[in-house]
Amino acid sequence: MENEPAFFETSPKPGVVGKPLNRVDGRDKVTGKARYSAEFPLPGLTYSVLKTSDIAKGRIQQIDTSVAAKEPGVLAIYTHLNLPKLAKTPNDAEGKKAIGAPMGFMPMTSDIIHYAGQPVALVVADTLDRATHAAALVRVSYAAEKPIAAYTDKEAKLFNPQKIQDGKQDGYTRRGDAQAALASSAIKLTGVYTHAINHHNPMEPGATTAVWESPDRLTVYESTQGVTRTQKALSAMLGLPQEQVRVITKYLGGGFGCKGSCWPHTVLTVLAAKALGRPVKLALTRKQQYTSMGHREDQTQTLTMGATREGKLTALIHEKTSTTSPWDNYAEANSKIINLLYDCPTFESHYELGRANVMTSTFTRAPGEAPGSFALECLMDDLAYQLGVDPIEIRLRNYAEKDPSTGQPWSSKSLKQCYQRGAELFGWSKRNIKAGQTRNGRLLVGMGMATASYPVHNSQGTARVRLYADGHAVVQSGATDLGTGTYTVMTQVAADSLGLPPEKIRFELGDTKLPTAPNSGGSVAAGTVSSSVYMAAQDVWERLTKVAIKDSKSPLFKAKPEDVTVEKGRLQLKSKPAKGEDFMALMKRAGMDDVEGSGQGKYGAGYETGRPSNPAGPNNNTETAGQHSMHSFGAHFCEVQVDPDLGTVRVTRWVSVHGAGRILNAKTARSQIIGGSIFGIGAALMEATARDPHYARYTNADLGDYHIPVNADIPDMTVEFIDEHDPYINAMGVKGIGEISMVGVSAAVANAVFHATGKRVRDLPITPEKILGTKSV
């Protein structure tokens, strides 16, 4: 077709993509040049500190700010009585829909207290010390009521929601007649699994620096996983056009889901800056982090399994009960992974929520898949032990060749290879099939494994590439680098797509003035942004090709666009590679200082790896879009040593193998898997936030009492990836690995503990008293 765009297949060719390139932002981080959201020294900057509620339910009777207001350096104290009003709040259905979940309640809009730690005042001063001191002098009296602390409270009213997890998942799902299938099953197993409250605990707490450039133009330096999502929320609440709200996040000190939404402290800081007429900065304290940015909810799962005498699944019935806030129906969608991981003809799931006086829960690394896999993978192991077969064998007997939840074929699946390679690396064949039979001196030794899977979510984003005639390029996208390597991997993608060395690429991100990109969450950023960069590079080459074929001095003069290809920055004929020229020579001859291209990358929307589909041309792959189930898969293998007298558990060996499409950087990808596995080991063995049942207050809201793994708790870890090509997911064939790294980890640990001790602990975390108090099976 005459007007058909020319596309160039540069990304699959050997280059720097996939190589273990060192982080391009590493030097800036270790020298302190990298600025985080609380580190921008704006002219006239002021400092704010939150005063939070001591009670979890009731009303404010009086706020006395008289003493605090007289302290030196105090500039203003804001409460629900004098804080500027918002155009919209999430306190009603319309406002919540406009702003986006999970922030369904805005503090300091009334005298009502819904949870302990709720902001009741904001003190602004000329130094942080003065603001902190003044906040301690604010006196608040309450009319307290008895709070509900959790769904287990006898006063909690339980209900079945129609939708959960931001409305993305039905509260009830049925596929086939699971109850009838269970009744006729030769083997029936049931397990009840509980999961403690977990908090994200990123190294960098939530932080906001807000400055009003004019009465109707705002800039916010924000600790967020998505500048665009924060921009949209602030725009809706403030009643400003979106383009008049700028959000900047150049570096992020971890998020794990808690920075995936716009939270109240951000809005309060913005309003204070508006009222004061000066820039205002707020950084949450570690204690405030526990009540300001969500958590993984406390929950109980009951999983019932039916199987034949040969171990083939016949029915899966999943029920989950968890705590939610007074205003949200948020719950992790645990049942999704249970519904699709193994070949089972029938499935049923129910969700039940109990409202309590707590801050809303939110996305926490692998939301739903992590706790759901804990229940499923432990019960699969129980089935293996009952039949006397190897845990890998029971999984292979139920291997799903297509997605049971939809009937669709997989876009790609390398799970069998993950099992095989993981078992080989781990030495699984040496494992004694009987539990409680292996020792290292007086210590019990156990080996466990579990399957991992995470979906490829639909997502799209854009990028811009500007290629200069002197041989360097600036590449831009409004993405966020969580600290996991986005700056680096996008530099690699741009380098290969443009045929330039990485040092000639400058990748810019983290600003709503740049082309829009999705949140860094749900494992969507790497695939979406890399595909956007690749597509933008193709736009550059298309533009230069048009210049070349119209230039009588070019070797490509009068060539057809479809006959031209690009190799390492050189435009040349496909049939005669010697006939062509370097882009720099072409641009200088044409008097072009630079050329700009833009592109859009999508997940699962008509792409074949390396060949972007063109709806008007022969590369169109849209007939397959939406017809494949798209997931990453993997397997974790764990060895533990358990002290039979003390009940202590130590992870001594770890192997993870994953099939996750194209890996953009071998080094950063390995770090991602290690980090997620450590996250999961923490949830399995030590992480738990304690909420007082009488006052609904957290009693260990700090890193002294909330236990997380340290170096001494973690062995050397072996991580490998299966070389996987997926022709359907996006232009780069990238699935993402941030979430799958945690899925199945807790189950692998729990299964290893069972193999060591013969004791099945279904209550996370697996602490010594639970091992000592559990009877052997």
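In this predicted model, Asn 751 is buried, with a relative accessible area of 0%. The residue belongs to helix 17. Its neighbours beyond four places in sequence include Glu 377, Cys 378 and Asp 381, together with Arg 395, Met 447, Gly 448, Met 449 and Arg 760. The pair Asn 751 and Cys 378 joins distant parts of the sequence: 373 residues separate them along the chain, while their C-alpha atoms are 6.3 Å apart.

**Packing of helix 10 and helix 17**

Asn 751 also takes part in a contact between two helices. Helix 10 (residues 369-387) packs against helix 17 (residues 745-757) at an angle of about 30 degrees, and the two axes are 8 Å apart. The crossing of this pair is right-handed. Helix 10 contributes Ser 373, Phe 374, Glu 377, Cys 378, Asp 381 and Tyr 385, whereas helix 17 contributes Ser 746, Ala 747, Ala 750, Asn 751, Phe 754 and His 755. By character, the residues of this contact comprise six nonpolar, four polar and two charged.

**Strands 30, 31 and 32**

Strand 30 and strand 31 are antiparallel partners joined by ten bridges, and within this pairing Phe 633 stands opposite Gly 659 of strand 31. Six residues lie between the strands of this hairpin, in which Gly 647 adopts a positive phi near 75 degrees. Gln 641 is located in strand 30 (residues 631-642). Its relative accessibility of 17% falls under the 20% limit, so Gln 641 counts as buried. Leaving aside residues up to four places away in sequence, Gln 641 touches Asn 440, Leu 443, Leu 444 and Val 445, as well as Thr 648, Val 649, Arg 650 and Thr 652.

Strand 31 (residues 649-659) is mostly covered, with eight of its eleven residues buried. Strand 31 also runs parallel to strand 32 (residues 717-721), to which five bridges join it; here Trp 654 has Met 717 as its bridge partner. Strand 31, helix 16 (residues 666-685) and strand 32 together make a right-handed β-α-β unit.

**Two open sheets**

One open sheet contains four strands in the order 23-22-21-27, and its pairing is mixed. Strand 23 (505-508) and strand 27 (594-602) are the edge strands, each pairing on one side only. From one strand to the next, the twist averages 15 degrees. Helix 13 (residues 486-498) lies across strand 21 (460-468), strand 22 and strand 23, and runs at about 135 degrees to strand 23. Helix 14 (residues 525-550) lies across strand 21, strand 22, strand 23 and strand 27, at about 140 degrees to strand 27.

Another open sheet has three strands in the order 4-2-6, with antiparallel pairing. Strand 4 (112-113) and strand 6 (139-144) stand at its edges with a single partner strand each, so one side of each has no neighbour in the sheet.

The table lists strand pairs from these regions.

| Strand pair | Sense | Bridges |
|---|---|---|
| Strand 2 (residues 58-64) and strand 6 | antiparallel | six bridges |
| Strand 22 (residues 473-476) and strand 23 | parallel | four bridges |
| Strand 30 and strand 31 | antiparallel | ten bridges |
| Strand 31 and strand 32 | parallel | five bridges |

Individual bridge partners can be located in the sheets as well. Ile 63 is partnered by Val 140 of strand 6, and Val 475 by Phe 507 of strand 23.

Note on methods:
Residues numbered from 1 in each chain as written. Predicted model: local features only at pLDDT ≥ 70, side-chain atom pairs only at ≥ 80, totals over all residues. Heavy atoms only, no water. Buried < 20%, exposed > 50% of the residue type's maximum accessible area, 1.4 Å probe, protein only. Contact = heavy atoms within 4.5 Å. Axes fitted to C-alpha atoms, helices over the stretch in contact; angles between N-to-C directions. Left-handed = near helix turned anticlockwise from the far one by under 90°. Nonpolar A, V, L, I, M, F, W, Y, C, P; charged D, E, K, R; others polar. Pairing = 2+ DSSP bridges. Right-handed = clockwise from strand over helix to strand, strands pointing away.
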